[in-house]
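Reader: I should be grateful for a close look at a single part of this model, namely its principal pocket and the elements around it. Please treat the matter in one connected account.

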Amino acid sequence: MTITCSDRECHVFWAQVDASHSILWPLLDDGERERARGYKHTPDRARFVLGRGLAKLAVAQIADVEPESVRLTATCRHCGGPHGRPEVDTLDGRMRLSITHSGTRVGVAVTWDIECGLDIEQVALRGGGPPRNALSPTERTVLDAIPQDEQVGAFIRTWTRKEAVLKATGDGLMLSPADLTMSLPWQPARLDTWVNRPLPHTPVHLHDLDVGPHYRASLATLNVPVTVVEHDADICWLSEMTAPL
Ligand SMILES: CC(C)(COP(=O)(O)OP(=O)(O)OC[C@H]1O[C@@H](n2cnc3c(N)ncnc32)[C@H](O)[C@@H]1OP(=O)(O)O)[C@@H](O)C(=O)NCCC(=O)NCCS
């Protein structure tokens, strides 16, 4: 099955971590296998393998190539090293990807050369309340005015928007998320202000994605507003892949 992705679309593939992630191991290259072996905790390894495998399956479906031939590359925006925002060069052009993991969920966003950032987070916090130092002064005031039992959900909503933007630019958490002020958690997703923002100031387009009550997810693209097309990869491929093996 080939998936058509137009140059104004972003396809987002969601999958659930379970034992079937090991079936994707043959798709990983040597560096990815080394990284996977480095994870001490099985759930972390499972999320990583699923993220990389899912990314390759997604690219293969859109670019109509074999998943085994897909190589994810990255160039760090800060040090130039081979890590950070993933991309794939194909005969038909460059594909941009964003991979995200949280809890039992893994997501991959794919575009034809539109910088994108995808983030999913479980609505849960380790330790005390929301880490206020991730919020701008305006966002802290908003959070304080929200009933306490709604604060975690509101914080996570704001957080996934920030991280989606920072992943789209390739900065990640090398920049302070507190420098970004997002729209109110219950309003449509928007980047309102960004102090100390490095150049270039490319337009940011944001979407909140519906991933059920226990998670929040956001997608950012730079320059180009996109139509988001979501896929449940558990049903599409992973079960199909397990069948013949
Ligand atoms: C990217 C980052 C925000 C992700 O945080 P997270 O919520 O824990 O993780 P997520 O599951 O949502 O995302 C992980 C994916 O983000 C991607 N990623 C890593 N760095 C990224 C960056 N700078 N920009 C965009 N995406 C990045 C990777 O594809 C990674 O998946 P992988 O483990 O398969 O390689 C955070 O880890 C970060 O800022 N890392 C980069 C820090 C950095 O640049 N250090 C090097 C300086 S030289």
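**The largest pocket and its surroundings**

Author: The largest pocket has a volume of about 860 Å³. It is lined by 32 residues, and those closest to its centre are R35, R52, G84, I99 and H101. The model is a predicted one, and what follows should be read accordingly. Several elements contribute to the lining of this pocket: helix 1, helix 2, strand 2, strand 4, strand 6 and helix 4 each supply at least two residues. The account below takes the helices in turn, then the strands, and then some particular points of the backbone.

Helix 1 comprises residues 30-38, and E32 is one of its residues. Is E32 buried or exposed? With a relative accessibility of 4%, E32 counts as buried, because the limit for that class is under 20%. The side chain of this glutamate makes a polar contact with the side chain of K56, at 2.8 Å. When neighbours within four places in sequence are set aside, the contacts of E32 are L27, F48, R52, K56 and L72. R52 thus appears twice in this account: it is in contact with E32, and it is among the residues closest to the centre of the largest pocket.

Helix 2 covers residues 42-63. At 1.5 Å a residue, its 22 residues should span 32 Å, and the C-alpha atoms at its ends are 31 Å apart, so the expected and modelled values agree. Helix 2 is also largely enclosed by the rest of the structure, because 18 of its 22 residues are buried. The residue that follows this helix is D64, whose phi is positive, near 60°. As a point of reference across the chain, the C-alpha atoms of D64 and H231 are separated by 17 Å, while the two residues are 167 residues apart along the chain. H231 itself is placed in strand 11, and its relative accessibility of 14% means that it counts as buried.

Helix 4, another contributor to the lining, runs over residues 148-169 and includes Q151. At 13% relative accessibility, Q151 falls in the buried class. Apart from residues up to four places away in sequence, Q151 touches P130, L143, D144 and I146.

The strands may now be considered. Strands of a sheet pair through backbone hydrogen bonds, in either a parallel or an antiparallel sense. Here, an open sheet of 6 strands has the order 2-3-4-5-1-11, and its pairing is mixed. Its edges are formed by strand 2 and strand 11, each of which pairs on one side only. Two strands of this sheet, strand 2 and strand 4, are among the elements that supply the pocket lining, and in the order of the sheet strand 3 stands between them.

How does strand 3 connect with these two strands, and in which sense does it pair with each? Strand 2, residues 73-74, pairs with strand 3 in the antiparallel sense over 2 bridges. In that pairing T73 stands opposite E87, and A74 stands opposite P86. On its other pairing, strand 3 meets strand 4, residues 93-102, again in the antiparallel sense, over 4 bridges. One of the residue pairs here is D89 with R94, the latter being the bridge partner in strand 4. A hairpin of 2 residues joins strand 3 to strand 4. Strand 3 itself, residues 86-90, is mostly covered, with 4 of its 5 residues buried.

Some loop residues complete the description. D113 is found in the loop between strand 5 and strand 6, and strand 6 is itself a contributor to the pocket lining. The phi of D113 is near 60°, a positive value in a residue other than glycine. D113 counts as partly exposed, at 44% relative accessibility. N223 also has a positive phi, near 70°, and is likewise a residue other than glycine. Its place is the loop between strand 10 and strand 11, and with a relative accessible area of 41% N223 is partly exposed. Finally, the peptide bond from L199 to P200 is cis, with omega near 0°, and P200 lies in the loop between strand 8 and strand 9.

Terms used: Residues numbered from 1 in each chain as written. Predicted model: local features only at pLDDT ≥ 70, side-chain atom pairs only at ≥ 80, totals over all residues. Heavy atoms only, no water. Buried < 20%, exposed > 50% of the residue type's maximum accessible area, 1.4 Å probe, protein only. Polar contact = N/O pair within 3.5 Å; in protein donor to acceptor, adjacent residues only side chain to side chain. Contact = heavy atoms within 4.5 Å. Pairing = 2+ DSSP bridges. Expected span 1.5 Å × (residues − 1). 1 Å grid on protein atoms, 1.4 Å probe; cavity = no way out; pocket = protein on both sides within 12 Å on 5 of 7 lines; lining within 4 Å. Points joined across faces, edges and corners; volume = space filled by probe spheres on them.
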